[in-house]
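I opened this entry to keep track of what I looked up. The order is simply the order in which I asked.

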Amino acid sequence: MKRLLAPAGAGQEAGAAVPAASRLRFGAVTAGLLVALAAAVLAALALGSVRIPPREVVAALLPGAEPSPFRTIVLDVRLPRVLLGVVVGAGLGVVGTVLQALVRNRLADPFLLGISSGASTGAVLVLVLGIGTTTAVALPAGAFAGSLAAFLLVYGLARHGGGMTGTRLVLAGVTISYVFTALTTLVLVASSRPEHFREALYWSLGGLGSARWDSVWLPTVVVGLTLPLLLALARPLDLLLVGEEGATVLGLDVARFRAAAFVLVSLVTAVLVAASGAVGFIGLMVPHAARMLVGAAHRALLPVAALGGAVALVVADLAARTVAAPQDVPVGVLTALIGGPLFLWLMRRRSVDGTEGAPA
């Protein structure tokens, strides 16, 4: 990893010492997001089809508490779901921020590279073929396999015939996304069981309703291990903001760094999609909100994006559970309803400002 990072002198040239005002702002924003996350978690544990008083929620979380229906709901039903929301939201926020810097396009998000479409194809194959005796185990495994297949194809196409660039990554990702979407449709059309359409549709929209303790540990471990690695990429990501030629002059091996970062980002996205389905637009919206709060320097941007993503997905999932209770609306529906108009607004703003091809 050290060979992929810029020399110390180059990093100092690209990112000067952080002003005291910026440090204070970062601290205030971080503290505010931590408070917001704690409040969102408490609300998510208390609210739902069964409302639990906050005092009972806190009591249920304490070790040695007496068994009760409230304790069962909190520990066995809601806590795994909230924890998965925190992990997936934080992961998507950071992955989206890193990806936008890698391809130098602020309209990019983690699902731009076709990994979500690959995961959907893998999950649909599991549903249609009936692979595995336990859906809770087989579905994430199939989604993960599809995600990895899409990642390998995008990576191979982006590297074929020349160096890996942001434009090549985007074009390869869009191409593979269309291919896997067509495969998913073909599998569903060929299926003789109509219930497959409903199951596949619900999963493809994204949701945390299937979260259980035995399905939460993998994304938690992966995000816990990779998040520090992604945060350590702050300085070379800042170098990419000045352009590929400028970053090369400052000592960054752009091709190798972009390839290594792309591998890491794709693997994290595959695990997250396998755990929660295709929850879109978190990786698009959160980085923009984080930049508005702390600026574009990735040393502050990445931690804020992680906290912001966690808060956003926990709140969105809480709304998905309560807006039509007891019906559980896929959280991807709500994030798409918000993210779609935001995406159009960003495109219009870039067009008006004359920055259609501007870097991230």
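The notes below go from the whole chain to the pocket, the cores and then single residues.

**Overall**

I am working with a predicted model. I looked up the secondary structure first. The protein has 15 helices and zero strands. Next came burial. I found that 47% of the 360 residues count as buried. I then checked how far along the chain contacts reach. Of the contacts with a separation of 6 or more, 75% join residues 24 or more positions apart. For the surface, I noted about 16,900 Å² exposed by the protein. Carbon and sulfur atoms supply 68% of that area.

**Largest pocket**

How much space lies in the largest pocket? I read off about 880 Å³. Its lining has 35 residues. Nearest its centre I find Asp-109, Phe-111, Leu-112, Ser-117 and Ser-177. Four elements each give two or more residues to this lining: helix 5 (115–129), helix 7 (166–190), helix 8 (195–205) and helix 15 (331–353). Which of the helices gives the most to the lining? I noted helix 7, with nine residues. I also sorted the lining by residue class. The split is 21 nonpolar, 11 polar and three charged.

**Nonpolar cores**

I turned to the largest nonpolar core. I find 68 residues in it. Those with the most contacts inside this core are Val-98, Leu-102, Leu-230, Leu-237, Leu-240 and Phe-257. Helix 14 (residues 298–322) provides the largest share of this core, 12 residues. Another core lies apart from it, with 17 residues. Among them are Ala-108, Ala-172, Ala-259 and Ala-270.

**Two buried serines**

I picked Ser-116 and looked up its place, which is in helix 5. Buried or exposed? I have Ser-116 as buried, because its relative accessible area is 11%, under the 20% cut-off. Leaving out residues up to four places away in sequence, Ser-116 touches Phe-111, Val-273 and Ala-278. Phe-111 is also one of the residues nearest the centre of the largest pocket. I checked Val-279 too. The C-alpha atoms of Ser-116 and Val-279 are separated by 8.9 Å, with their positions 163 residues apart along the chain.

Ser-266 was my second serine. I find Ser-266 in helix 12. Its relative accessible area is 1%, so Ser-266 is buried. Which residues is Ser-266 in contact with, leaving aside neighbours within four places in sequence? I listed Leu-113, Ile-115 and Phe-151.

**An exposed serine**

I moved on to Ser-210, in the loop between helix 8 and helix 9 (213–231). Ser-210 counts as exposed because its relative accessibility is 51%, over the 50% cut-off. I looked for a partner far along the chain and noted Ala-275. Ser-210 and Ala-275 are 65 residues apart along the chain, and their C-alpha atoms are separated by 8.7 Å.

**Phe-281**

I checked backbone angles here. Most residues other than glycine have a negative phi. Phe-281 is not a glycine, yet I read a positive phi of about 75°. Where does Phe-281 lie? I find Phe-281 in the loop between helix 12 (254–276) and helix 13 (282–294). Why does Phe-281 count as partly exposed? The reason is its relative accessibility of 22%, which falls between the 20% and 50% cut-offs.

**Two charged residues**

I took Arg-159 next, which lies in helix 6 (residues 135–159). At 49% relative accessible area, Arg-159 is partly exposed. I paired Arg-159 with Ala-259. They are 100 residues apart in sequence and 8.8 Å apart in space, C-alpha to C-alpha. I had already met Ala-259 in the core of 17 residues.

Last was Glu-56, in helix 3 (residues 54–61). Glu-56 has 35% relative accessibility, so I list Glu-56 as partly exposed. For Glu-56 and Ala-46, 10 residues apart in sequence, I noted a C-alpha to C-alpha distance of 8.5 Å.

How values were computed: Residues are numbered from 1 along each chain as its sequence is written. This is a predicted model: local features need pLDDT of at least 70, side-chain atom pairs count only at pLDDT 80 or more; totals for chains, interfaces and linings use all residues. Side-chain values use heavy atoms; hydrogens and water are left out. On a 1 Å grid over the protein atoms alone, a cavity is a set of points where a 1.4 Å probe fits but cannot get out, and a pocket is an open set with protein on both sides within 12 Å along at least five of seven lines; lining residues have an atom within 4 Å of a point. Grid points are joined across faces, edges and corners, and a volume is the space filled by probe spheres set on the points. Ala, Val, Leu, Ile, Met, Phe, Trp, Tyr, Cys and Pro count as nonpolar, Asp, Glu, Lys and Arg as charged, and the others, Gly among them, as polar. Buried means under 20% relative accessible area, exposed over 50%, partly exposed in between (1.4 Å probe, protein chains only). Contact means heavy atoms within 4.5 Å. Accessible areas come from the Shrake-Rupley method with a 1.4 Å probe; for residues, only the protein chains shown count as cover. A nonpolar core is a set of buried Ala, Val, Leu, Ile, Met, Phe, Trp, Tyr and Cys residues joined through side-chain atoms within 4.5 Å.
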